[in-house]
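Work through the exercises below with the structure open. Each task is followed by a solution in steps.

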Amino acid sequence: MTLRAFQAALSHMVRSPDRIKPDTFERQAERLELSTTEEEALRSVVSSTGLELTREIRRSWSRGRAYRAAPATLAAIPVDQRDAVLEEWISANGSSSSFPEGEAERLLEFIERRLRDPSPERIVCEIELASYRAARAAPSSPCESNLVDLRRLNTWLAVSPHASLMRIQAGPAGTPPTNLPELDATQSAELHPWILIAPGIEGGVRHASDPEVTILKALATPRPIAELDDLASDMESLMESLRELLRICAVTVIISADKAN
Amino acid sequence: MNPTKTLSVAPRDAAAPSRVGVGFPYIDELSSALYQMGLLDFVEMTPETLCRERRPAAERVLELIPERLERARLSCAGLPIVVHGVELSIGSAHGLNSAYLDMLEQFQARWPFLWHSEHMSFQTVLDDDGKTVDVGVPLPLPPTVETVRTVGTRARKIKEQFGVVFLLENVAHYLSPLPADPQIGDEIEMLNQVCAAGECGLLLDLHNLYCNAVNQGFNAFHAVDRISLERVHEVHVAGGRSTMGFWTDSHDGRVPDAVWELVEYTLPRCWNVRGLVFEVLDAVAANLGVDVIASELRTARSVWTACTKPT
């Protein structure tokens with residue numbers, strides 16, 4: 001048996017979410033073109049308790065790595081749901097790398113899709129995810145505030161993939177907002193302010209101002225600076241906010257004016 | 001159990017490197033006081049724990065994090081270090097993890113080490129699209145001619161690249177019997193042949209050997225007698241636990257008495273040995289506590305002193 005064939009077969013057995021059934025192994029052996037002797041040697045591994053133990057160790061390590069990657073979110077999810085979501089993630093070979101932080105965003109996106117919206121645990125998940133996105137960009141992406149001339153109206157901008165705008169909407173005891181009394185816009189903004197997470201913010205997070213919220217919502221889809229004209233009566237204030245959003249890497253340039261020309 | 005208990009310390013080779021003594025891994029979660037209590041002669045660093053991984057394209061990059069590196073240097077307070085890697089995957093058929101070697105070069109430039117070591121195992125494979133994927137746990141290599149040639153060639157290159165002794169460690173596993181070539185026979189012979197082909201040393205983990213002996217039903221002392229002990233530069237000990245009918249290499253407690261016996265039997269026969277390391281898993285070290293760790297290190301010191309005293 002070649003080393004490659006052995007490793008493919010063994011890693012398949014160890015990564016398999018379920019115990020390897022004899023017919024699955026037959027198909028694997030056929031695909032790897034194992035000789036009769038080689039097949040016999042691996043067959044004894046397939047049926048061994050040692051393989052079950054190795055699979056269990058792998059799953060246990062993966063669980064540990066997932067906890068390191070998403071500690072807040074996994075702590076916030078009810079135990080049953082947490083076990084189920086982790087089981088599903090690990091069965092899909094999640095958290096196999098020794099550097100779980102590198103996989104954290106994928107894990108949190110995976111969890112986020114499975115959480116009720118809105119719910120307190122989903123908010124925790126969104127914040128943890130946003131923090132990772134911001135932290136990933138912080139050391140490597142210089143912010144672009146000094147490079148952008150806001151007078152060049154055909155420069156295209158968009159919300160940075162490393163920034164997140166979110167609203168923490170759970171009530172004081174974790175009640176979802178659907179159960180809260182109707183609030184007018186002002187009351188709502190005071191009770192549930194918009195939170196901005198971006199690489200250039202000291203400490204990573206702060207409240208977003210109203211013009212910032214307006215800009216970030218508009219730039220969820222890339223658009224030229226010229227189109228921001230319609231967003232506010234006070235253009236100067238809007239441009240000031242845009243400069244700040246560029247400075248903290250919450251907004252990024254998609255197409256510069258030069259290229260757009 | 002022990003076939004030939006009495007043996008005086010083997011005469012040291014005149015050209016043998018000097019002994020260093022008792023070591024312990026660097027564990028960020030532990031109080032730095034442990035490294036400054038006079039219990040240690042050296043520290044074993046796993047530089048990957050000081051890194052973050054980036055994947056800017058298809059390839060991986062391991063970046064040392066300056067703050068973590070600085071904290072580790074402060075904790076170690078001038079003690080010499082050796083490197084014990086976990087990410088090389090030297091036995092992967094598709095190729096080893098070159099990102100680890102690139103990072104290790106940078107690490108060596110900033111913090112030179114006495115020697116370095118890795119596990120004789122594999123932990124990455126190619127998926128159906130030809131992409132490198134992590135298995136999630138290190139797996140053993142089969143005792144075959146191809147394994148000896150592949151790992152031996154890589155070990156020799158690594159030794160030349162870093163200019164210090166490179167060691168390969170015997171691993172514990174629960175997947176016996178592995179398919180073997182008759183020319184190699186078993187894992188002990190594979191270990192000897194790989195180290196000879198790679199012109200490298202051996203990190204003899206006696207707890208790993210003990211696990212395999214218990215689980216596979218062979219005599220650990222007889223196995224030691226078959227190992228090329230002149231290649232042993234470092235010995236590891238650790239604690240384990242019984243799980244699903246196996247003795248596992250869990251690194252979460254005191255060293256079993258049977259393993260200390262094995263150390264007492266083996267060390268006097270390893271005339272090039274330079275250090276004895278007590279290993280503990282990062283995640284359990286804080287719970288185990290400094291007192292227990294210090295107590296095991298004192299035992300290691302007394303065994304080391306008795307077993308390496310010249311006759």
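The exercises cover the fold of one chain, salt bridges, single glutamates and backbone geometry.

This is a predicted model, in which local features need pLDDT of at least 70, side-chain atom pairs count only at pLDDT 80 or more, and totals for chains, interfaces and linings use all residues. Residues are numbered from 1 along each chain as its sequence is written, chains are lettered from A and ligands numbered from 1 in the order in which they are written, and side-chain values use heavy atoms, with hydrogens and water left out.

**Exercise 1. Describe the overall build of chain B.**

Step 1. Take the secondary structure, where helices (H or I, at least four residues) and strands (E, at least two) are DSSP runs numbered from the N terminus. Chain B has nine helices and 14 strands.

Step 2. Compare the radius of gyration, taken over C-alpha atoms, with the globule rule of 2.2 Å times the number of residues to the power 0.38. For 311 residues a compact globule would be near 19 Å, and chain B agrees because its own value is 19 Å. The C-alpha trace of chain B spans about 55 × 50 × 45 Å along its principal axes.

Step 3. Look at burial (buried is under 20% relative accessible area, exposed over 50%, partly exposed in between, with a 1.4 Å probe and protein chains only). In chain B, 58% of the 311 residues are buried.

Step 4. Turn to contacts, meaning heavy atoms within 4.5 Å. Of the contacts in chain B between residues at least 6 apart in sequence, 76% join residues at least 24 apart.

**Exercise 2. Which elements hold the partners of the salt bridge between B:Arg52 and B:Glu63?**

Step 1. Apply the criterion: a side-chain nitrogen of Lys or Arg within 4 Å of a carboxyl oxygen of Asp or Glu. Side chains of opposite charge can pair when their charged atoms come close. B:Arg52 and B:Glu63 meet the criterion with an N to O distance of 3.1 Å.

Step 2. Place the partners. B:Arg52 is in strand β3 (residues 51-54) of chain B and B:Glu63 in strand β4 (residues 61-64) of chain B, so the bridge ties together parts eleven residues apart in sequence.

Step 3. Classify both. B:Arg52 counts as partly exposed because its relative accessibility is 30%, and B:Glu63 is partly exposed with 26%.

**Exercise 3. Contrast the salt bridges of A:Glu126 and A:Glu244.**

Step 1. A:Glu126 pairs with A:Arg122, with the closest N and O atoms 3.2 Å apart. Both residues sit in helix α8 (residues 120-137) of chain A, four residues apart, so about one helical turn separates them. A:Glu126 and A:Arg122 are both buried.

Step 2. A:Glu244 pairs with A:Arg206, the closest N and O atoms being 3.5 Å apart. This pair links distant parts of the chain, since A:Glu244 is in helix α11 (residues 235-247) of chain A and A:Arg206 in strand β4 (residues 205-207) of chain A, 38 residues apart. A:Glu244 is partly exposed at 23% relative accessibility, as is A:Arg206 at 24%.

Step 3. For context, the count over all chains comes to 24 salt bridges.

**Exercise 4. Is A:Glu52 buried or exposed, and what does it touch?**

Step 1. A:Glu52 belongs to helix α4 (residues 49-69) of chain A.

Step 2. Its relative accessible area is 15%, so A:Glu52 is buried.

Step 3. Not counting residues up to four places away in sequence, A:Glu52 touches A:Arg19 and B:Met244.

**Exercise 5. Find the cis peptide bonds preceding A:Pro118 and B:Pro177, and locate both prolines.**

Step 1. The bond from A:Asp117 to A:Pro118 is cis, with omega near 0°. A:Pro118 lies in the loop between α7 (100-112) and α8 of chain A.

Step 2. The bond joining B:Ser176 and B:Pro177 is cis, with omega about -5°. B:Pro177 lies in the loop between β9 (165-169) and α4 (187-198) of chain B.

**Exercise 6. Where do B:Ala77 and B:Ser89 lie, and what is the phi of each?**

Step 1. B:Ala77 is in the loop between α1 (66-76) and β5 (81-84) of chain B. Its phi is positive, about 45°, although B:Ala77 is not a glycine. B:Ala77 is partly exposed, with a relative accessible area of 47%.

Step 2. B:Ser89 is in the loop between β5 and α2 (98-110) of chain B. Phi of B:Ser89 is near 55°, a positive value in a residue other than glycine. B:Ser89 counts as buried because its relative accessibility is 1%.
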